[in-house]
Each structure stands twice: as C-alpha cells, then as structure tokens.
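Colleague: I have a model open and would like to talk it through slowly. Could you put it up on the screen for both of us?

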Amino acid sequence: MPDVFADLVGQDEAVVELRRAAAAAAAVLRAGAAALVAAGPVSGDGSAADDAVSGGLDPSAGMTHAWIFTGPPGSGRSVAARAFAAALQCVHGTGCGECPGCHTTMGGTNADVRMVVPEGLSIGVGEMRALVLRAASTPSGGRWQVVVIEDADRLTEAAGNALLKAIEEPPPRTVFLLCAPSTHPDDISVTIRSRCRVVPLRQPPAEAVAEVLVRRDGIAPDVAQWAAAAAQGHVGRARRLARDPEARKRREAVLAVPRRLTGVGAAFDAASALIEAAEAEAEASVTEADTTERAALETALGAGGTGRGAAGAMRGAAGQLKELEKRQKSRATRAQRDALDRALVDLAGFYRDALTIALRAPVAPVHTDTATLAGAGAQKWDAEGSLRRLEAVLACRAAIEANVKPRIAVEAMMLALWKG
C-alpha cells in the first residue's frame with residue numbers, strides 16, 4: 001500500500017522535508033516517553049509528559065509547531081498538510097499509510113486532527129476561537145493535536161489575531177498547519193508568517209499529473225495527458241476533465257468565447273453566458289448539501305413533530321434557520337466565484353497559447369484542441385495584442401478577488417478582449 005505522501009504530485013523536495021520533520025516529531029515523543037518512565041510515577045494529567053515534549057521541539061532538528069504550505073492552485077497545499085498530519089499520527093513516524101493513525105487521518109476520522117475547510121468567503125473569529133480552545137486539549141491518541149486550516153488567506157483580521165495568540169503560546173502537543181497561496185501580507189499576516197516554517201510547493205508538471213491519473217484513477221494515457229495539460233498542473237481539475245463530460249462541455253463553451261466577440265453586444269452576451277454558466281455550476285454543486293443541512297436542522301428542531309410544544313419550538317427556531325441560510329448563501333457565493341475562476345483560468349490559457357505562438361516560443365500549448373484557433377488569433381493580434389488580452393483576463397481575476405462584482409468585472413474583461 002502506498003504511503004501518505006503518494007498523492008503529493010511533483011513535490012519531491014517538500015516530501016523529503018516533511019518526512020524528516022515527522023521523524024523528528026516521533027523522536028521527540030519517544031524522548032518524552034523515556035523521560036517520563038525515568039521520572040517514575042506521576043499524576044494522570046499528563047503534565048510531565050507535556051513538559052518533556054514541549055522542551056524537545058527544536059526547529060533546527062526538523063520539527064516545529066506551526067507550518068505554512070504555499071503554492072499555486074492545484075499544487076497540493078491541502079494534500080501536503082493532510083499527509084503531514086497523517087505522518088505525525090503514524091505509529092512509526094513515517095507516514096506508512098498502513099497503521100491506524102495514517103488510516104484515520106487520511107479518512108478524516110482521526111479525533112486528534114481537525115480540518116478547517118471554509119465554505120464561505122471567510123473564516124470568522126468565533127470559529128477560530130472555538131478551534132483554538134479545542135486544540136489545546138491533550139491528544140486522545142497520545143501523539144499530537146493537529147489543526148489543518150485550508151485557505152488560511154480567508155481568515156478575518158480578528159480570526160488571524162486569535163490564531164496568532166495560539167501560535168505564539170502553543171500547547172505542548174499541538175501543531176498548526178496553514179495553507180495559503182503565498183506568504184504575501186495579503187494572504188497571511190506578517191506576524192503569523194514569522195512564527196511558522198514555510199513549505200513552498202510548485203505547480204506540478206503535466207507529465208507527473210498524467211502519471212497519477214493513469215496509476216490511481218485508471219484513466220487512459222492519452223486522455224490523461226490531454227487533461228493534465230488542459231488543467232495546467234491542477235490535479236483535481238485534471239481528474240474532473242478526464243472523467244466528467246459536463247466539465248468538458250463547460251470548458252469548450254469558455255474556449256469558444258474568442259470567436260464570439262464580434263461587437264459590443266456580443267461582448268455583453270458572452271459575459272452574461274459566462275456568469276450564468278458559473279452560477280448554474282455552483283448551484284448544482286451546493287443544492288444537495290443545502291437541502292440535506294436544512295432537513296437535518298429542521299428535524300433536530302422538531303419539524304414534523306405532533307407532540308405538545310412542537311409548533312412553538314419551530315416558531316422559536318427561526319433564528320437558527322436564518323443563520324443557516326446566511327451560511328449557505330455565503331457558500332453559494334464562494335462556489336460561484338470558484339466556478340468562474342476556473343473558467344477564467346481556461347480563457348487565460350487560450351490567450352497564453354496565442355502569445356507563445358506569436359513569439360514562436362518552443363513550449364507546448366495548454367489547450368491542444370484549440371491550438372489552430374489560437375494560431376489564427378496570434379496572426380490577427382500579434383504578440384502585443386495577445387499579451388493585452390491575457391492581461392485583461394488576469395486583471396479580471398484580480399478584480400473579483402478584490403470583491404468587485406463578478407458581472408461588472410467580466411463585462412469589462414469582455415470589452416477589453418473585443419477591443420484588444
């Protein structure tokens with residue numbers, strides 16, 4: 001059976017560093033256990049063991065209590081964090097992939113590993129304070145409490161301050177693993193960054209992504225090669241493209257945009273089509289979860305009950321239902337923006353192909369199936385025009401990330417693409 005790092009594609013240097021850190025963490029625990037035995041009988045609160053462990057966390061030896069995994073989308077930030085968490089819980093300290101610690105962590109059922117996956121636009125201070133409080137408890141499995149925060153760049157300022165306090169004065173057996181696009185102050189605060197070890201990840205090469213699709217998912221080699229190139233190194237997206245016909249249709253519609261930009265009216269029509277497609281994709285992805293959550297909450301609050309007070313209980317539940325609707329609306333907004341961003345990445349890949357063709361650069365195209373269209377665009381626009389169009393797409397992504405209304409940002413982009 002492969003070990004826990006097997007799915008971390010094209011990140012050999014990071015894997016070496018994380019293996020060394022996991023081994024150092026295991027050595028710390030063994031040293032703490034030996035010191036405890038040598039000290040003789042102690043009280044059952046574990047304080048002596050905690051003191052031994054906290055005194056042994058030496059960053060220079062490979063292990064520390066706070067880490068930041070950075071890299072572009074699809075590089076495997078959350079995969080790396082989860083694999084490292086499993087290695088820390090591994091009874092052998094290696095991430096063997098076979099022991100109970102590895103199995104439960106990778107399966108998401110380990111009681112000592114807490115995953116924070118933001119569904120909305122941000123991670124609030126209330127959620128972070130509750131998480132920090134729970135993370136301060138003694139590990140039930142006797143190894144480490146591990147807190148994995150995906151998309152740590154979505155921490156609000158107050159939530160970041162709450163996390164900072166915990167990282168500054170960490171519990172003796174708690175490890176924080178943060179995932180963010182970069183260490184830029186816009187993504188993670190300087191004070192948090194200064195107290196963490198950074199593990200930079202790179203965009204995995206298409207060949208490595210294709211190999212994983214063939215080996216792990218049983219996808220035909222030619223399809224895997226196409227999907228890996230089209231996804232631009234994003235493993236999850238490559239898998240969707242290879243296996244989901246609807247994902248391929250959405251991509252084809254996006255790549256047809258350059259042909260549709262024949263005038264102002266066509267530019268606005270293309271913008272509307274892109275926004276509506278993103279909204280439809282997002283709605284399809286969250287509808288089932290929304291329905292299940294609401295049904296579960298209503299049942300917990302007494303919906304359908306016939307006993308005395310059931311109707312009154314439901315009337316008093318309006319506030320909780322409203323709070324659920326607020327969370328679901330935030331999740332839907334995030335899903336829409338994520339779907340739109342995937343479309344913009346595809347569009348940027350097309351204009352990147354046109355630019356490389358215009359410059360006669362010796363690099364493979366991102367979208368092999370639209371290379372002819374990109375070549376025609378390169379002849380029409382030349383390198384400068386292709387570059388301006390690529391910059392327009394990237395500017396649209398940046399504007400949406402800065403909370404510009406998506407429709408306004410996309411309409412401005414379409415007009416810029418038409419004008420050139």
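Modeller: What follows is a walk from the whole chain down to a pair of helices and a few single residues.

Colleague: What kind of model is this, and how many helices and strands are there in the chain?

Modeller: This is a predicted model, and the chain has 17 helices along with five strands.

Colleague: How much of the chain is buried?

Modeller: Of the 420 residues in the chain, 44% are buried. As for the outside, the chain exposes about 20,500 Å², and carbon and sulfur atoms supply 55% of that area.

Colleague: And what share of the contacts comes from residues 24 or more positions apart?

Modeller: If we take the contacts in the chain with a separation of 6 or more, residues 24 or more positions apart account for 72% of them.

Colleague: Let's move to the helices. How do α5 and α6 cross?

Modeller: Helix α5 covers residues 125-135 and helix α6 covers residues 157-168, and their axes come within 8 Å of each other and cross at roughly 15°. Angles under 35 degrees count as roughly parallel, so α5 is roughly parallel to α6. The crossing is right-handed.

Colleague: Which residues meet there?

Modeller: From α5 there are V125, M128, R129 and V132, and they meet A158, A159, A162, L163 and A166 of α6. Sorted by type, the residues of this contact are eight nonpolar, no polar and one charged.

Colleague: New topic: where does W67 lie, and is it buried or exposed?

Modeller: W67 is part of strand β1, residues 66-70, and it counts as buried because its relative accessibility is 0%.

Colleague: What does W67 touch?

Modeller: Leaving aside residues up to four places away in sequence, W67 touches a list of residues including E17, L18, F84, V175, F176, C196 and R197.

Colleague: Last thing: which residues have a positive phi without being glycine?

Modeller: Two to look at are D382, with a phi near 60°, and N403, with a phi of about 75°. For background, most residues other than glycine have a negative phi.

Colleague: Where are those two, and how exposed are they?

Modeller: D382 is found in helix α16, which spans residues 371-401, and it counts as partly exposed because its relative accessibility is 43%. N403, by contrast, lies in the loop between α16 and α17, and with a relative accessible area of 56% N403 is exposed.

Terms used: Residues are numbered from 1 along each chain as its sequence is written. This is a predicted model: local features need pLDDT of at least 70, side-chain atom pairs count only at pLDDT 80 or more; totals for chains, interfaces and linings use all residues. Side-chain values use heavy atoms; hydrogens and water are left out. Helices (H or I, at least four residues) and strands (E, at least two) are DSSP runs, numbered from the N terminus. Buried means under 20% relative accessible area, exposed over 50%, partly exposed in between (1.4 Å probe, protein chains only). Contact means heavy atoms within 4.5 Å. Accessible areas come from the Shrake-Rupley method with a 1.4 Å probe; for residues, only the protein chains shown count as cover. Axes are lines fitted to C-alpha atoms, for helices over the stretch in contact, and angles run from 0 to 180 degrees between N-to-C directions. Angles under 35 degrees count as roughly parallel, over 145 as roughly antiparallel, 65 to 115 as roughly perpendicular and the rest as oblique. A crossing is left-handed if the near helix is turned anticlockwise from the far one by less than a right angle, and right-handed if clockwise. Ala, Val, Leu, Ile, Met, Phe, Trp, Tyr, Cys and Pro count as nonpolar, Asp, Glu, Lys and Arg as charged, and the others, Gly among them, as polar.
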